[in-house]
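Visitor: Please take me through one part of this predicted model in close detail. I would like to look at a sheet and what lies around it.

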Amino acid sequence: MPVQAAQWTEFLSCPICYNEFDENVHKPISLGCSHTVCKTCLNKLHRKACPFDQTAINTDIDVLPVNFALLQLVGAQVPDHQSIKLSNLGENKHYEVAKKCVEDLALYLKPLSGGKGVASLNQSALSRPMQRKLVTLVNCQLVEEEGRVRAMRAARSLGERTVTELILQHQNPQQLSANLWAAVRARGCQFLGPAMQEEALKLVLLALEDGSALSRKVLVLFVVQRLEPRFPQASKTSIGHVVQLLYRASCFKVTKRDEDSSLMQLKEEFRSYEALRREHDAQIVHIAMEAGLRISPEQWSSLLYGDLAHKSHMQSIIDKLQSPESFAKSVQELTIVLQRTGDPANLNRLRPHLELLANIDPNPDAVSPTWEQLENAMVAVKTVVHGLVDFIQNYSRKGHETPQPQPNSKYKTSMCRDLRQQGGCPRGTNCTFAHSQEELEKYRLRNKKINATEVLKQQGKLLQVQMEFQMQKTVFPS
């Protein structure tokens, strides 16, 4: 039975024995399927197959090269060279260049603090999605044919994310929000704010979850009447636009009637809130993509839910809506953005490399690349990632902004479970839980002060209203 794979942030230790990789006993060996295991555990395997997905290991374990990219991250002594026997000298040269590119890129994953093989990547110049994609590339085995195919796909994925990040870096968040809702309204749809939209969707579900078929007018009236006590601003027009959003998302089975309104029935697969909400969110993301807007998962979570807890949910929707053509389209969009801004960082020099990466076939059954193609792809991805980091560090105002604590009454008021159980936290300073007793007491005290201030403000407002009321009674006695 396959073993459960480790979390992606635990890539610095063997997922079988949990020992941190080193240059002596626990040398990291990456397999063709992109799982990395220490050499000691590999030699103990009963079957010559990956313990996680049972992929056969076709190359002798002693011949598979040690993953130097991972060794350098744990501070181990990395040899200058290891002998790899390929078909000819030309292949060796291509392999060495490609391998060196991966090792250079891996330095962006250099853990600044952490323990027990868990990388703390909080202060990396790269975003979380970029780090995850880079970890995938670092674990590819370039000697194996399957590993090279995977490395090409990982390089393409990194390049695509780089374009998105560069477009995001050039966008104004306030203007972005206005443009998004303008695009939604232009399609006859509407978003009423996180709380009101959620209630409206739940009421649509309440009316139709049993398989009922209602006309649009009846459905809208039902939702408005139920919504008005909590949201007096609810109107037939605004709720009609929410229903239109679901209609665009093909959530309804529509039955036409002669000389009467059509009946709308919720499709069976959308008769739960999670399924309906996902399709609703996917439709808004689709509208944004049609309008040429690039929005990060964090921004999406904030816009649609009013918090940052739905980043993964939004990222999965974005990934699902991506098509092989999306990459090339994004490169064109970046070019337009750079023309508009004057391109002070000379990012246009990255375009040939991005186009090369966009032309890589993302299909898992793609033909294995030649060694020259592999080298070109690794050089290209190294160049574009370096370009992104250089832009963030030297040209982007966003890169110099200090993340502010979220206005959350529970922010850092309890200890981090990961830190306590594993000795390290993958979220680092971005973690919403405390990492020390001093931090715990500091934020608990701050929250008490904030709460006390809010109470005083409310009392002040109440007193002001009472005084105004008394003055009105004096001026206009009954």
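Guide: Start at V254, which stands opposite M264 in β5. The strands here are β4 and β5, the latter covering residues 260-266. They run antiparallel, and five bridges join them.

Now widen the view. The open sheet has three strands, in the order β3-β5-β4. Its pairing is antiparallel. Look at the edges next. There you find β3 (213-215) and β4 (252-257). Each has a single partner strand, so one side of each is left without a neighbour in the sheet. Neighbouring strands are also turned against each other, by 30 degrees on average, direction ignored.

Helices come next. Helix α7, residues 194-208, packs on the sheet. It touches β3, β4 and β5. The direction of α7 makes about 100 degrees with that of β5. Helix α8, residues 216-227, packs on the sheet too. Helix α8 touches β3, β4 and β5. Its direction makes about 90 degrees with that of β3.

One last stop is a pocket. The second largest pocket has a volume of about 310 Å³. It is lined by 14 residues, and the closest to its centre are H170, Q171, G292, V337 and R340. Two elements give two or more residues to this lining: α6 (173-186) and α13 (324-341). The largest share, five residues, comes from α13. Sorted by class, the lining has five nonpolar, seven polar and two charged residues.

Methods:
Residues numbered from 1 in each chain as written. Predicted model: local features only at pLDDT ≥ 70, side-chain atom pairs only at ≥ 80, totals over all residues. Heavy atoms only, no water. 1 Å grid on protein atoms, 1.4 Å probe; cavity = no way out; pocket = protein on both sides within 12 Å on 5 of 7 lines; lining within 4 Å. Points joined across faces, edges and corners; volume = space filled by probe spheres on them. Helix = DSSP H or I, 4+ residues; strand = E, 2+ residues; numbered from the N terminus. Nonpolar A, V, L, I, M, F, W, Y, C, P; charged D, E, K, R; others polar. Pairing = 2+ DSSP bridges. Axes fitted to C-alpha atoms, helices over the stretch in contact; angles between N-to-C directions. Contact = heavy atoms within 4.5 Å.
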